Amino acid sequence: MFSKNRHKIRSTNLRFASAPNRQPPVKASGLSSTLLFGLVLLALVFLVLDKTENRQLKKLKAQALDLAAPALDLASVPAGYIHRSFERAQSFYDINRKLSELQKENKRLRGIEWNIDKLKHNNSKLKALLNSAQESPLKFVSGRIISGNPGLFGHHMLLNVGHRNGIRAGFAVINSTGFIGRTIDTGTRTSRILLLTDKTSRIPITIGKQGVRGVAIGTGSIFPKIDFIAKNRSIFEGDHVYTSGDGGELPRGLSIGVVKKIDNQFHIALIAGKQANEYVSVLFFDQSNLAENQR
Amino acid sequence: MFRYRMTALVLPVMLLAFLPTLAAYQWHMPLGDGLAFPFLTILVVLICALRYPGLLPSPLVFCSGLACDLFTRSPLGYWTLIMLLTLVLARLTVTFHQGHGRLIRGASTLILPAFITLIAWILASFYELSWQPPRPIIEGMLMALLLLVVPVSLLMGFETLLITKKKTDPSRMFGRSRF
């Protein structure tokens, strides 16, 4: 008996996708089919509610993300390590080119350094003459990106700080180089950031030295486009782009990028585009915050 | 039978929990970045449902889909619906799949991912109320098919281990599913 079974095991095809002598599959029970059908309907209902931006569903999602945040936070550590290793490996191959770029930039910056000091000095003199009020520095809180993946439906990131840190929807988010997006949903421990590159992103901007007003519109690619510029104003490739602060939603003067022409249309080459976003800061900019700072 | 079933469920459950977590991060893949891991989870569901009919309970697949939706910040229900429809597809075709030889089974196993890609594209277009570019979805599925080697190897190894330990054909282990 045992030797027969052993022969059976040896003759059984252990390779994965083949088992010609298997038992015929068992049909699913009625309960199984009903449950599956019910779950399909439930998933469809969730999809429709999500599209209609149901508030209760949004709250549930935020709460679920809050619950999952510690696990995501923990799992992001090896993911971040792997990401940094790849970046280091990549930069190793680019090292000569990057070195020459850095040397050129260093030379250029040294050239304007004395000019900046002179401008600072003149600026402070003029402010004193005008008796202008001092701008209070914005409060901010820094956090780590625990989930950041450009998906099919949007360019979002998840941050490990939320309500309990004072964050609310609409706050500007910056990294070490510039503005990257703003918070759209906040839970107790997490916040969702809508990036500049997302199709639904619309940011009022100022372009160049002449302060041309426009809107940066996300396209789903790494170059948001510039639109709604007055017909009698001109912008040029290489002009710097900043947040304009129009509408009172975002602070003025946050660096976004430079103008780049692609297919006869003006886009923005984001200054924070290629930078890895592991640690970011959320700026507390709203009317109540400004009033508090003035006291 | 119940003990065999529980043992056999261990690796599929781990895969269905682990893969949506991987989907939360950016891996800078050359193709289908952001979509490869959700599609990989779907392919694991397909393989398990075809190979071990009656093993995967549908609530488990539902929860895995919800996790995918939450972690990838996709619309809630999108990946869940695709996973459940994959399970339905697998249950409908399992008789055909297991009643034929290796070549036909291999061919049908390639056609099913193509069909799932089509479902994903139609559903995305339905959600956005406009035709979406199919390229990112196709790239995501292609990348997932390349990565499928890893979970398939794990499942093969696990199956061999179970057969060696339990001295029986895996298809005899699972019996009738209540779910």
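These legends describe close-up views of a predicted model with chains A and B.

**View 1. Overall make-up of the two chains.** Chain A contains 5 helices and 12 strands. Chain B has 8 helices and 0 strands, and along its sequence the pattern reads α-α-α-α-α-α-α-α. Of the 295 residues in chain A, 28% are buried; in chain B, 45% of 179 residues count as buried. Among contacts in chain A between residues at least 6 apart in sequence, those joining residues at least 24 apart make up 57%. For chain B, residues 24 or more positions apart supply 69% of the contacts with a separation of 6 or more.

**View 2. Strand β5 of chain A and its two partners.** Strand β5(A) covers residues 191–195, and 5 of its 5 residues are buried, so the strand is largely enclosed by the rest of the structure. In a regular strand the side chains alternate between the two faces of the sheet. In β5(A), S191(A), I193(A) and L195(A) point one way, while R192(A) and L194(A) point the other way. Residues on both sides of this strand are buried. Strand β2 (residues 155–159) of chain A runs antiparallel to β5(A) and is joined to it by 4 bridges. L158(A) has R192(A) of β5(A) as its bridge partner. Strand β4 (residues 179–186) of chain A is also antiparallel to β5(A), with 5 bridges between them. Here T183(A) is the bridge partner of I193(A). The connection between β4(A) and β5(A) is a hairpin with 4 residues between the strands.

**View 3. The β6–β7 hairpin of chain A and strand β9.** Strands β6 (residues 202–207) and β7 (residues 212–217) of chain A are paired in the antiparallel sense over 6 bridges. They form a hairpin with 4 residues between them. Within the turn, G208(A) has a positive phi of about 70 degrees. β6(A) also pairs with strand β9 (residues 240–243) of chain A, again in the antiparallel sense, over 3 bridges. I207(A) takes part in both pairings: it stands opposite V212(A) in β7(A), and V241(A) is its bridge partner in β9(A).

**View 4. The loop between β8 and β9 of chain A.** F228(A) lies in the loop between β8 (225–227) and β9 of chain A. Most residues other than glycine have a negative phi. F228(A) is not a glycine, yet its phi is positive, at about 60 degrees. This residue is exposed, because it has 12 other C-beta atoms within 10 Å and the limit for an exposed residue is 12 or fewer. I235(A) is found in the loop between β8 and β9 as well. With 17 other C-beta atoms within 10 Å, I235(A) is partly exposed. Beyond its neighbours within four places in sequence, I235(A) is in contact with I207(A), G208(A), V212(A), I229(A), V259(A) and F266(A). Of these contacts, I207(A) and V212(A) stand opposite each other in the hairpin of View 3. The C-alpha atoms of I235(A) and R164(A) are separated by 42 Å, and the two residues are 71 apart along the chain.

**View 5. Helix α6 of chain B and its buried side.** Helix α6(B), residues 135–147, has 13 residues and reaches 18 Å from its first C-alpha to its last, close to the 18 Å expected at 1.5 Å a residue. Its buried residues are P136(B), I137(B), G140(B), M141(B), M143(B) and A144(B). They cover an arc of only 165 degrees around the axis, which puts them on the same side of α6(B). These buried residues pack against α2 (36–51) and α5 (102–128) of chain B. In α2(B), 16 of 16 residues are buried. The end C-alpha atoms of α2(B) are 22 Å apart, which agrees with the 22 Å that its 16 residues should span at 1.5 Å a residue.

**View 6. Packing of α5 and α6 of chain B, and the loop between them.** The axes of α5(B) and α6(B) are 10 Å apart, and the helices pack at an angle of about 145 degrees. The crossing is right-handed. On the α5(B) side, the contact is made by P113(B), T117(B), A120(B), W121(B) and A124(B); on the α6(B) side, I137(B), I138(B), M141(B) and L145(B) take part. L129(B) lies in the loop between these helices. Its phi is near 60 degrees, a positive value in a residue other than glycine. L129(B) counts as exposed, with 7 C-beta neighbours inside 10 Å.

Definitions and conventions:
Residues are numbered from 1 along each chain as its sequence is written. Chains are lettered from A and ligands numbered from 1 in the order in which they are written. This is a predicted model: local features need pLDDT of at least 70, side-chain atom pairs count only at pLDDT 80 or more; totals for chains, interfaces and linings use all residues. Two strands pair if DSSP finds at least two bridges between them. Helices (H or I, at least four residues) and strands (E, at least two) are DSSP runs, numbered from the N terminus. The expected span of a helix is 1.5 Å times one less than its number of residues. A residue is buried if 20 or more other C-beta atoms lie within 10 Å of its own, exposed if 12 or fewer, and partly exposed in between; C-beta atoms are placed from the backbone. The arc is that of the directions from the helix axis to the C-beta atoms. Two residues are in contact if their C-beta atoms, placed from the backbone, lie within 7 Å. Axes are lines fitted to C-alpha atoms, for helices over the stretch in contact, and angles run from 0 to 180 degrees between N-to-C directions. A crossing is left-handed if the near helix is turned anticlockwise from the far one by less than a right angle, and right-handed if clockwise.
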